[in-house]
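Reader: I would like a close look at one part of this model, followed by a careful account of how the rest of the chain is arranged around it. Please work through it residue by residue where that helps.
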Amino acid sequence: MRIRLTVTVLLLGAVAAAQQPDTGILLNLDVGYNTAYRNASWVPVDVYVDNKQRDLTGWVEVQVFNAGNVLQSPTYRVAADCPQNSKKRFRLYVWIDNATRVEALLYENDRLAVDAPAYVEPQPIEPQDFLAVVLDDDPLNYQFLYEPLRRYEKTRRLSREDLGSSTLGQLPDRLACYEALDFVVMGDVDYSRIQPTQRNALLEYVELGGTLVVFTGVHAQRVRDSWLAPHLGVEIESLKTQPEALYRAAVFGDVPPAQVDQNRVSTSAVLREADPNVLVYGKNDVLATRNKRGEGQIITLAIDAAGNVLQDDPRYTDLWSQILASVRSDFRSLSLNTADMTFVNNLPQVSGVTIRPVSDVLIYLALYIGVGIVLNWIFWSRMGRREYAWLTLLAVSFSFTAYAVISGTSGIEGRQSRHSVTLIHLGKNATLSWQYTLNGILSARVTEISLPVETPDVLVREAGVAHAAGNWGMPQSSFQRP
């Protein structure tokens, strides 16, 4: 009896162990820029794989669900090579629009490598809040960015993601991924690690209305020798080191103090405008320049964030208030959803395919039953040849079916063709544009489509932002032409 009991316990233990979930692979994910994201935009999703089990080759999959727990198309995938005892992060950019749940799965050879998906329930930032990316190896020096937000009447917050030289690979290389950002800050970072595709996307983002802020200061030489220098509109000539009080007086036009604190030293770059259209900020010394490119702007600062120069001066806070106020608020102004709905609602009327209402279907069924069964039976009963009723019913059925196919559809699939409608968003004096394409299936009978839109702004919108030439609103040290 004891032996049987022991064997039974061992068998039950083995079954329980087999049913336990595999904890050798842990899956986790983050949504957004440091968990912050803007709704209806391309959002970074970081999937973390902690593999303590075995070498694994497969892919990471991300799925997005709406409020009705319905999967939103498409499903996003990226190849994943996870050796044993490795920890890896995979970044995917996912379109999120009113999503309530984002899931991540790990596959190996077409089968799940984990028992359950990792998921989060994301919450977007408020529409009036700012979203930025800061490129610097010491991002703690940028806490001053939050000070100008206190001056707004309504509560506005700043959400940001910080990337250093070692994580520049996460910088987007697709233009659409920058659309949600209000501005990008470039500080003390290795510019050479930014790949050509990332550089092109960043510059196109500026052309279409984005704001790029570049710090120089002690690392001015790095900026001057980088790929970004030709786009700044200024020349970085040399460095100047002096007590901060003297530099403050030179920038804001104050009377130089008789005694200065020699322990507070500022190092700034000497900026000379290379383009006559570049605006400058500063009195005797140039603190910042503004170079307008397309619909956007590049702000170059003569100082760096690490030195904390001027960060306790309210006039420096005013400068950043001007920068935030100049950020494009209509960067996402093209109403693609409205245009999409307009075409969808009008497509049946212009495509040659008519969608029948429910009343037509009911009338059709009533006629089919009345003619094919009732009248057919009554007619041949009176003729004394009821056996012909079955043959007539077949003929009536065939006729009604042929009519339904011809009038209710476009026929066989081979007679259909795929068409697209392209929307162009071109800003005033811009050299680049946004392009959206709507695809659909149209009947082969259609040779021409004419779809007038009562509100042209739905499709094309001039997106220029007017700035007063030479003045950003500062009563004294405003941006001005040299």
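Where does G217 lie, and between which elements?

Author: G217 sits in a loop, with strand β12 (211-215) on one side and helix α3 (220-224) on the other. Because its relative accessibility is 0%, under the 20% cut-off, G217 counts as buried. Setting aside residues up to four places away in sequence, G217 touches L239, T267, A269, A302, I303 and D304. One of these partners, A302, is 85 residues away from G217 along the sequence, yet the two C-alpha atoms are 5.5 Å apart in space.

This is a predicted model, and its confidence should be kept in view: the pLDDT averages 78 over the protein, and 73% of the residues score at least 70. Over residues 1-22, however, the pLDDT falls below 50, and that stretch has four contacts in the model beyond near neighbours in sequence. Residues 410-415 also stay under 50, and for them the model has nine contacts beyond four places in sequence.

For the wider setting, the protein has eight helices and 20 strands, and 43% of its 482 residues are buried. Among contacts with a separation of 6 or more, 70% are made by residues 24 or more positions apart.

A serine elsewhere in the chain can be read in the manner used for the glycine. S266 belongs to strand β14, which covers residues 265-273, and S266 is buried because its relative accessible area is 0%. Its contacts, leaving aside neighbours within four places in sequence, are with K240, T241, Q242, P243, E244, Y247 and V309.

A charged residue gives another view of the interior. E61 is part of strand β3, residues 56-65, and E61 counts as buried because its relative accessibility is 2%. Its side chain makes a polar contact of 2.7 Å with the side chain of R77, and another, of 3.0 Å, with the side chain of Q63. Beyond four places in sequence, E61 is in contact with T75, Y76, R77, E103, A104, L105 and Y107; of these, E103 lies 42 residues from E61 along the chain, with 8.2 Å between their C-alpha atoms.

Helix α7 can be checked against its expected length. Its 25 residues, 358-382, should span 36 Å at 1.5 Å a residue, and the end C-alpha atoms are 35 Å apart, so the two values agree. The helix nevertheless bends by about 35° at L375. In an α-helix there are 3.6 residues a turn, so residues three or four places apart point the same way. The buried residues of α7 are G372, N376 and W380. Just after the helix, G384 takes a positive phi of about 75°.

The cysteines close the survey. C82 is buried, because its relative accessible area is 1%, and C177 counts as buried because its relative accessibility is 5%. With the sulfur atoms of a cysteine pair required to lie within 2.5 Å, the protein has zero disulfides.

Methods. Residues are numbered from 1 along each chain as its sequence is written. This is a predicted model: local features need pLDDT of at least 70, side-chain atom pairs count only at pLDDT 80 or more; totals for chains, interfaces and linings use all residues. Side-chain values use heavy atoms; hydrogens and water are left out. pLDDT is the predictor's confidence in each residue, from 0 to 100. Contact means heavy atoms within 4.5 Å. Helices (H or I, at least four residues) and strands (E, at least two) are DSSP runs, numbered from the N terminus. Buried means under 20% relative accessible area, exposed over 50%, partly exposed in between (1.4 Å probe, protein chains only). The expected span of a helix is 1.5 Å times one less than its number of residues. The bend at a residue is the angle between axes fitted to the seven residues ending there and the seven starting there. A polar contact is a pair of N or O atoms within 3.5 Å; within protein, one must be able to donate a hydrogen and the other to accept it, and residues adjacent in sequence count only if both atoms are side-chain atoms.
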